[in-house]
Amino acid sequence: MQYFPLFIDTINLNVLLVGAGDVASRKLALLTRTEANIHVIAPQVNTEVQRYAEAGRILLSVREVAHADIQNYDLVYLATANDSLNAELATLATARRIWVNAVDNPAFCRFITPSIVDRGRLVVAISTAGAAPVFARTVRSRLEISLPQSLKPLFDFVADKRIEVQDRLESTTARRLFWERFFDTNGDRFDNRTLEHYHNAFNNLVGRGEILLIEDAVPVDLLPVAAMPLLQRLDWIYSQGELSEELAEWVRRDASRGELPALSELSKAYEQGTRMLLVADIQKINQLKAHFPMAKHLRPGAI
């Protein structure tokens with residue numbers, strides 16, 4: 001993975017954009033939706049960039065950029081029509097330990113801006129590491145259709161209720177069950193029943209856990225797609241040996257991990273509501289199936 005995805009807090013973030021043409025305008029259309037402080041430097045300015053300045057959203061300096069400008073910023077975008085100037089300033093920014101993006105020139109980019117689907121607090125970023133931005137836009141268009149606009153007010157509602165849920169439910173397991181129940185009943189809607197679904201989700205939060213079984217020799221890419229949501233709900237991953245890289249990509253990344261404990265410990269965890277994945281050889285899997293008849297055995301083509 002050459003580019004590691006990060007979400008940056010833009011409050012008090014200082015951004016310099018060099019250039020004020022059509023390419024710069026497209027960058028500003030996204031940057032001005034953040035909380036960042038934006039400074040634009042360019043000898044010539046198009047009408048769209050001028051409007052941002054007149055609205056007070058950006059600081060605009062109508063002049064040529066100088067080497068002295070490339071300092072005291074967190075991010076620098078270079079969007080001039082002069083490729084050699086962009087390369088020169090990118091090299092300077094990197095030398096001064098400033099993260100820089102030279103538009104349409106990945107060789108001089110310390111970071112890249114992904115294609116984004118914005119639903120307020122829910123943001124999805126898509127990148128092809130600069131290889132195929134057209135395909136990234138295709139993926140974005142699919143997500144734009146599948147993620148409704150109602151998610152914006154819904155996640156504002158959820159954010160407002162998080163402290164109340166933490167105060168009412170002490171254990172992380174109870175909170176997890178609460179939010180799962182809320183989203184199972186409410187879905188992605190935000191309407192006059194959302195508050196009702198919220199209050200109802202506090203009822204009957206005590207439940208048994210879940211046990212998933214996978215043989216360590218099973219090719220993960222042959223597992224059914226339906227296994228993915230099950231693997232994303234795990235609390236614990238227990239295995240006889242080291243978890244394969246392929247399986248590690250499928251499971252919930254922040255689930256706790258450990259070696260297979262005794263059957264009595266697994267039974268206790270199940271009764272307490274823990275969701276577990278047990279990875280072992282076929283002999284051990286058969287033993288676990290006999291002891292836990294309720295367990296789901298994940299196999300190629302079946303669950």
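This is a short selection-by-selection tour of the structure you have open, which is a predicted model.

**Stop 1: the core at the N-terminal end of the numbering**

Start with Val-15, Leu-17, Leu-28, Ile-38, Val-40, Val-49 and Ile-58. These are the residues with the most contacts inside the largest nonpolar core, which counts 20 residues. Now colour by element of secondary structure: strand E1 (14-18), helix H1 (22-31), strand E2 (37-42), helix H2 (47-54) and strand E4 (75-78) each put at least two residues into this core. As background, nonpolar side chains in soluble globular proteins tend to be buried together.

Keep Val-49 selected and expand around it. Which residues does Val-49 contact once its neighbours within four places in sequence are set aside? You should pick up Ala-20, Ser-25, Leu-28, Val-40, Ile-58 and Leu-60.

**Stop 2: H1 against H2**

Two of those names, Ser-25 and Leu-28, take you straight to the helix pair, since they sit on the H1 side of its contact with H2. Add Ala-29 to finish the H1 side, then select Glu-48, Val-49 and Tyr-52 for the H2 side. By residue type, this contact has 4 nonpolar, 1 polar and 1 charged. Draw the two axes if your viewer does that: H1 and H2 pack at about 35°, and their axes are 9 Å apart.

**Stop 3: two loop residues with positive phi**

Next, pick Asn-72 in the loop between strand E3 (59-62) and E4. Check its backbone: phi is near 65°, a positive value in a residue that isn't glycine. Is Asn-72 buried or exposed? With a relative accessible area of 67%, Asn-72 is exposed.

Then jump to Asp-104, which is in the loop between strand E5 (99-102) and strand E6 (115-119). Phi of Asp-104 is near 65°, again positive in a residue other than glycine. A surface rendering should show Asp-104 as exposed, at 73% relative accessible area.

**Stop 4: Val-165 in H5**

Move on to helix H5 (residues 151-168) and select Val-165. Its relative accessible area is just 1%, so Val-165 is buried. Leave out residues up to four places away in sequence, and Val-165 touches Arg-175, Phe-178, Trp-179, Tyr-198 and Phe-202. For a sense of how far you've come from E4, put a distance label between the C-alpha atoms of Val-165 and Leu-78: they are separated by 45 Å, with their positions 87 residues apart along the chain.

**Stop 5: Asp-281, just ahead of H11**

Now go to Asp-281, in the loop between strand E11 (275-280) and H11. Asp-281 counts as partly exposed, at 31% relative accessibility. Beyond residues up to four places away in sequence, Asp-281 touches Asp-216 and Gln-240. Another distance label to try is C-alpha to C-alpha from Asp-281 to Lys-152: 45 Å in space for 129 residues in sequence.

**Stop 6: H10 crossing H11**

Finish with helix H10 (residues 263-271) and helix H11 (residues 282-291), which pack at an angle of about 50° with axes 12 Å apart. H10 is therefore oblique to H11. The crossing of H10 past H11 is right-handed. To see where they meet, show side chains for Leu-263, Leu-266 and Ser-267 on H10, plus Gln-287, Leu-288 and His-291 on H11. Colour this H10–H11 contact by residue type and you get 3 nonpolar, 3 polar and no charged.

Conventions
Residues are numbered from 1 along each chain as its sequence is written. This is a predicted model: local features need pLDDT of at least 70, side-chain atom pairs count only at pLDDT 80 or more; totals for chains, interfaces and linings use all residues. Side-chain values use heavy atoms; hydrogens and water are left out. A nonpolar core is a set of buried Ala, Val, Leu, Ile, Met, Phe, Trp, Tyr and Cys residues joined through side-chain atoms within 4.5 Å. Buried means under 20% relative accessible area, exposed over 50%, partly exposed in between (1.4 Å probe, protein chains only). Helices (H or I, at least four residues) and strands (E, at least two) are DSSP runs, numbered from the N terminus. Contact means heavy atoms within 4.5 Å. Axes are lines fitted to C-alpha atoms, for helices over the stretch in contact, and angles run from 0 to 180 degrees between N-to-C directions. Angles under 35 degrees count as roughly parallel, over 145 as roughly antiparallel, 65 to 115 as roughly perpendicular and the rest as oblique. A crossing is left-handed if the near helix is turned anticlockwise from the far one by less than a right angle, and right-handed if clockwise. Ala, Val, Leu, Ile, Met, Phe, Trp, Tyr, Cys and Pro count as nonpolar, Asp, Glu, Lys and Arg as charged, and the others, Gly among them, as polar.
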